[in-house]
Structure formats: C-alpha cells, structure tokens
Amino acid sequence: MINRTVLQGRLTKDPALNTTSNGVEVCNFTVAWSEKYRETETTCFLNCVAWRQTGAFVKQYFSRGKEIGVEGQLVTRTYTDRDGNNRSTTELVCDKVHFCGKKS
C-alpha cells in the first residue's frame with residue numbers, strides 16, 4: 001500500500017512547537033491551499049504535524065502566511081476531548097518540509 005501526500009500551500013497561523021513528556025519535540029500547524037475552476041474557488045485546510053528536527057525546523061523558519069511544501073503520510077487517529085466525547089482527526093505527518101515562494 002502507498003500512503004504518500006505532497007502539497008504546497010500557506011500556513012494559516014504560526015506553528016506551535018511543544019515537547020512531549022518524553023522530551024520529544026512536536027510541531028502542529030495547518031496548511032491551506034485553494035483551487036480555482038472558472039468562477040468557483042475551493043479552499044482546503046489540512047492539519048499537519050512534524051516531529052523532532054523537522055518540527056523545530058518548521059517553528060524556526062515558517063510563520064503565518066508563509067508558503068510551504070510538505071511531504072508525508074496521511075493518518076487518521078481517534079481521541080477523547082475534554083468533555084469526554086470521542087473524536088477523530090485526519091492529519092499529515094510530515095517527514096519533509098520545503099521552502100516555497102519568494103524569499104523574505
């Protein structure tokens with residue numbers, strides 16, 4: 001089976017870098033991109049997560065509105081929220097991150 005996703009878009013807000021209880025860095029961010037066909041424009045958002053050095057790299061070099069290229073695996077996971085409700089989310093676990101667009 002192949003599970004590989006590559007996309008290019010812009011960050012919707014500044015990346016959030018946290019550390020797990022085991023001391024591993026994890027960075028969460030959302031990438032948005034749009035597609036236009038004639039008069040109709042569709043905008044999509046995808047939650048992304050980058051671990052260890054990749055996560056630290058994203059936090060250091062990217063911010064809200066910056067263009068980014070990401071590669072990784074789509075993963076669906078389930079969790080229980082603060083109110084005790086079962087939730088599921090699909091996110092891209094990034095193993096490669098690329099600069100895109102104009103230099104700033």
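**Overall architecture and local contacts of the chain**

The secondary structure of the chain comprises one helix and six strands, and these elements follow one another along the sequence in the pattern β-β-β-β-α-β-β. The structure described here is a predicted model, and the values given below were computed from it. The C-alpha trace spans about 45 × 30 × 30 Å along its principal axes. Of the 104 residues of the chain, 29% count as buried, and the chain exposes about 7,700 Å², of which carbon and sulfur atoms supply 45%. Among the contacts between residues at least 6 apart in sequence, 56% join residues that are at least 24 apart.

The pairing of the strands may be described in sequence order, beginning with strand β2 (residues 16–19) and strand β3 (residues 25–37), which run antiparallel and are joined by four bridges. Within this pairing, Asn 18 stands opposite Val 26 in β3. The hairpin formed by β2 and β3 has five residues between the strands, and Gly 23 in this hairpin takes a positive phi near 85°. Strands β5 and β6 likewise run antiparallel, and they are joined by 13 bridges, with Ile 68 standing opposite Phe 99 in β6. In the hairpin of β5 and β6, five residues lie between the strands, and Gly 84 takes a positive phi near 85°. Strand β6 also pairs with β4, here in the parallel sense and over four bridges; in this pairing, the bridge partner of Cys 48 is Leu 92 in β6.

The largest nonpolar core has 15 residues, and those with the most contacts inside it are Phe 29, Val 58, Ile 68, Val 70, Leu 92, Cys 94 and Val 97. Two or more residues of this core are given by each of β1 (5–11), β3, β4 (40–51), β5 and β6 (86–99). The surroundings of Cys 94 can be listed in detail: when residues up to four places away in sequence are not counted, Cys 94 touches Phe 29, Cys 48, Val 49, Ala 50, Thr 54, Val 70, Glu 71 and Gly 72. Of these partners, Phe 29 and Val 70 are also among the residues with the most contacts inside the core.

Two buried residues with polar side chain contacts were examined further. Glu 71, which is found in strand β5 (residues 67–80), counts as buried because its relative accessibility of 17% falls under the 20% cut-off. The side chain of Glu 71 makes a polar contact of 2.7 Å with the side chain of His 98. Apart from residues up to four places away in sequence, Glu 71 touches Arg 4, Thr 5, Val 6, Val 93, Cys 94, Asp 95, Lys 96 and His 98, so that His 98 appears both as a polar partner and in the wider list of contacts.

Thr 30 has its place in strand β3 and is likewise buried, because its relative accessible area is 13%, which is under 20%. A polar contact of 3.0 Å joins the side chains of Thr 30 and Asn 47. With its neighbours within four places in sequence left aside, Thr 30 is in contact with Arg 10, Leu 11, Thr 12, Phe 45, Leu 46 and Asn 47.

Note on methods:
Residues numbered from 1 in each chain as written. Predicted model: local features only at pLDDT ≥ 70, side-chain atom pairs only at ≥ 80, totals over all residues. Heavy atoms only, no water. Pairing = 2+ DSSP bridges. Buried < 20%, exposed > 50% of the residue type's maximum accessible area, 1.4 Å probe, protein only. Polar contact = N/O pair within 3.5 Å; in protein donor to acceptor, adjacent residues only side chain to side chain. Contact = heavy atoms within 4.5 Å. Core = buried A, V, L, I, M, F, W, Y, C linked by side-chain atoms within 4.5 Å. Areas by Shrake-Rupley, 256 points an atom, 1.4 Å probe, with all protein chains shown as cover.
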